[in-house]
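Reader: I should be grateful for a close look at one part of this model. Please take a single helix and one residue within it, and then place both in the setting of the chain.

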Amino acid sequence: RAVRQPQVVLDPAPGVVQAVAQALAALGTALLVAGVALRGASVQRWPLGNMHEFALVASMFTILLFCVWSLKRDLRWLGVFVVTPVLLVLGMAITAWYTEAAELLPSLKSYWLVIHVVVATFSIALFILGAVITVLYLLADRRQARGVPEGARPSLLDKMPNAQALERMAYGTHIIAFPLWTFTLIAGAIWARQAWGSYWNWDPKETWTFVIWVVYAAYLHARATTTVSRRTANLVAVAGFVCIILNYVVVNQFLVGMHSYSGL
């Protein structure tokens, strides 16, 4: 007589939650793209003239990159860590950095605005993704080095790729972002020559853009050096992202120079 095997009923709740989260992320992305398009339509130009608009466009690129990347591989574990900083930036954009739609400053009326600033914001979006994955790698590497005590409760890190896979993902993101940031630096110098008569003026914004380039160059060099640990190299990458935050939050608002166009 055959023995009837018990049926295993899987809990559909996690799958439902993931599907709802993906749908909300897609909806939010579509609304953000629409918001950027409407801002551009209201000012009859590319919405890149002040900090409010920079924040909108950088957030749009970040979430778009995540959604497109999600089509190629399962990144559901990464979603909350990408959406959270995007929401923080958008929150700042509509509160502390909000400015009414207005005409561009005369120095910004150039086709280089589109070339230079679009590439800059796109590379910033890549650096945001790289920074998020780098921090997750550092946490996973620390947990992996310490070991998981027997009987310990499962961690969110256990549902992610291992530390080595996270580190490779972070490196792959930075290796794309760095040439774009290099182009941003060069394009900015060309635009400065046309607008101000000199390729380099040691303006605070120019200086910090170069500092960011140097720090990320140091990260890539450390990453390729066998005597430097991967953890140390990735700490340099985190330092690079801190420099980006300082550049866009502190320099734009508090250091007066030729790039004082935050609109605040």
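Author: The following account begins with one helix and one of its residues, and then turns to the rest of the chain.

The model is a predicted one. Helix α5 covers residues 163–196, and E167 is one of the residues found in it. The length of α5 can be checked against expectation. With 1.5 Å allowed for each residue, a helix of 34 residues should span 50 Å, and the C-alpha atoms at the two ends of α5 lie 47 Å apart, so the two values agree. Directly after α5 comes G197, which has a positive phi, near 85 degrees.

Within α5, E167 has a relative accessible area of 3%. Because the limit for a buried residue is under 20%, E167 is classed as buried. Leaving aside residues up to four places away in sequence, E167 touches Y137, R223, R230 and N234. Two of these partners can be placed in helices that pack against each other: R223 falls within the range of α6, residues 204–224, and R230 stands at the start of α7, residues 230–254. N234 also falls within the range of α7.

The pair α6 and α7 therefore merits attention in connection with E167. Their axes are 8 Å apart and meet at an angle of about 170 degrees. Since angles over 145 degrees count as roughly antiparallel, α6 and α7 are described as roughly antiparallel to each other. The residues of their contact comprise 19 nonpolar, five polar and three charged.

A residue in another helix offers a second point of reference. V83 is located in helix α3, which runs over residues 79–94. Its relative accessibility is 28%, and V83 is therefore counted as partly exposed. From V83 to S59 there are 24 residues in sequence, while the C-alpha atoms of the two are 9.3 Å apart in space.

These parts belong to a chain with seven helices and zero strands, and its pattern along the sequence reads α-α-α-α-α-α-α. Of the 264 residues in the chain, 41% are buried. Among contacts between residues at least 6 apart in sequence, 78% join residues at least 24 apart. The accessible surface of the chain amounts to about 14900 Å², and carbon and sulfur atoms account for 68% of that surface.

Terms used:
Residues are numbered from 1 along each chain as its sequence is written. This is a predicted model: local features need pLDDT of at least 70, side-chain atom pairs count only at pLDDT 80 or more; totals for chains, interfaces and linings use all residues. Side-chain values use heavy atoms; hydrogens and water are left out. Helices (H or I, at least four residues) and strands (E, at least two) are DSSP runs, numbered from the N terminus. Buried means under 20% relative accessible area, exposed over 50%, partly exposed in between (1.4 Å probe, protein chains only). Contact means heavy atoms within 4.5 Å. The expected span of a helix is 1.5 Å times one less than its number of residues. Axes are lines fitted to C-alpha atoms, for helices over the stretch in contact, and angles run from 0 to 180 degrees between N-to-C directions. Angles under 35 degrees count as roughly parallel, over 145 as roughly antiparallel, 65 to 115 as roughly perpendicular and the rest as oblique. Ala, Val, Leu, Ile, Met, Phe, Trp, Tyr, Cys and Pro count as nonpolar, Asp, Glu, Lys and Arg as charged, and the others, Gly among them, as polar. Accessible areas come from the Shrake-Rupley method with a 1.4 Å probe; for residues, only the protein chains shown count as cover.
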